[in-house]
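Visitor: I am new here and would like a tour. Could you show me the structure and explain the words you use as we go?

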Amino acid sequence: MAKKVEVSVTVNGKAYSAEVEPRMLLVHFLRETLNLTGTHIGCDTSQCGACTVMVNGEAVKSCTMLAVQAAGCQVTTVEGLGEVGNLHPIQQSFWEKHGLQCGFCTPGVMIASIGLLQQNPNPSEEEIRDALEGVICRCTGYQFIVEAVKHAAQLMAVDETETGNALQIGEGR
Ligand code: FES
Ligand code: FES
């Protein structure tokens, strides 16, 4: 058995430390060590995007990164977006615009969408489809997802105007 190493990481604003095998993937660390099972595993080829989380403000497929590489980072998973009664605009939009069916891909799609909106607050339909190319949805046909992301862009713009809060998540160390 490989010697374990200590990893300290902040996830959804809370500090965690744990001893892990150096080969442990970030997605397994989140799901198995921290019990944050909202981040899904949909493939073993790094293609589906179901495992997408924010690492220091960038959307990352957490099956392509080792837990030890996240040491010292700020990670945001779907559990850190919002809660009942106080949804993040992306959650509100996916709900209002029916941007999901079975919901398996949804955590990854929402995080990837936030990554896009942080870079490009007013994306065109083509830009949304381009940005979400790396996340596979087997149910929706994508049209309602695109509508949801467009709506989220509007909600986030309103929120920024009203509160000055651009809803950046998981940035910085
Ligand atoms: S689990 Fe499919 S890309 Fe990570
Ligand atoms: S909603 Fe079922 S995989 Fe996307």
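Guide: Let us start with one definition: a residue is buried under 20% relative accessible area, exposed over 50%, and partly exposed in between, using a 1.4 Å probe and protein chains only. This is a predicted model, in which local features need pLDDT of at least 70 and side-chain atom pairs count only at pLDDT 80 or more, while totals for chains, interfaces and linings use all residues. Residues are numbered from 1 along each chain as its sequence is written, chains are lettered from A and ligands numbered from 1 in the order in which they are written, and side-chain values use heavy atoms, with hydrogens and water left out.

Visitor: Why is Glu-125 called partly exposed?

Guide: Glu-125 has a relative accessible area of 30%. That value falls between the 20% and 50% limits, so Glu-125 is partly exposed.

Visitor: What makes Lys-150 and Glu-125 a salt bridge?

Guide: The term asks for a side-chain nitrogen of Lys or Arg within 4 Å of a carboxyl oxygen of Asp or Glu. In this pair the closest N and O atoms are 3.6 Å apart, so the rule is met. Lys-150 belongs to helix H5 (residues 143-163) and Glu-125 to helix H4, so the pair ties together parts 25 residues apart in sequence. Helices here are DSSP runs of H or I with at least four residues, strands are runs of E with at least two, and both are numbered from the N terminus.

Visitor: Which other salt bridge does Lys-150 form with a residue of helix H5?

Guide: Lys-150 also pairs with Glu-147, with the closest N and O atoms 3.9 Å apart. Both lie in helix H5, three residues apart, about one turn of the helix. Salt bridges with shared partners join Glu-125, Arg-129, Glu-147 and Lys-150 into one network. The structure holds four salt bridges.

Visitor: How do you know whether Glu-21 and Arg-23 are buried or exposed?

Guide: Glu-21 has 16% relative accessibility, so it counts as buried. Arg-23 has 65%, so it counts as exposed. These two form a salt bridge as well, with the closest N and O atoms 2.9 Å apart.

Visitor: What makes the phi of Ser-46 worth a stop?

Guide: Most residues other than glycine have a negative phi. Ser-46 has a positive phi of about 60° although it is not a glycine. Ser-46 sits in the loop between helix H1 (26-33) and strand E3 (52-55), and its 32% relative accessibility makes it partly exposed. His-98 also has a positive phi, near 55°; this residue is in the loop between helix H2 (89-96) and helix H3 (106-119) and is exposed at 53%.

Visitor: How do you know how the overall size compares with a compact globule?

Guide: The radius of gyration is taken over C-alpha atoms, and the globule rule is 2.2 Å times the number of residues to the power 0.38. For 173 residues a compact globule would have a value near 16 Å, and the protein has 16 Å, so the two agree. The C-alpha trace spans about 50 × 35 × 25 Å along its principal axes, and 44% of the 173 residues count as buried.

Visitor: Which elements does the protein have, and in what order do they run?

Guide: The protein has five helices and five strands, running β-β-α-β-β-β-α-α-α-α from the N terminus on.
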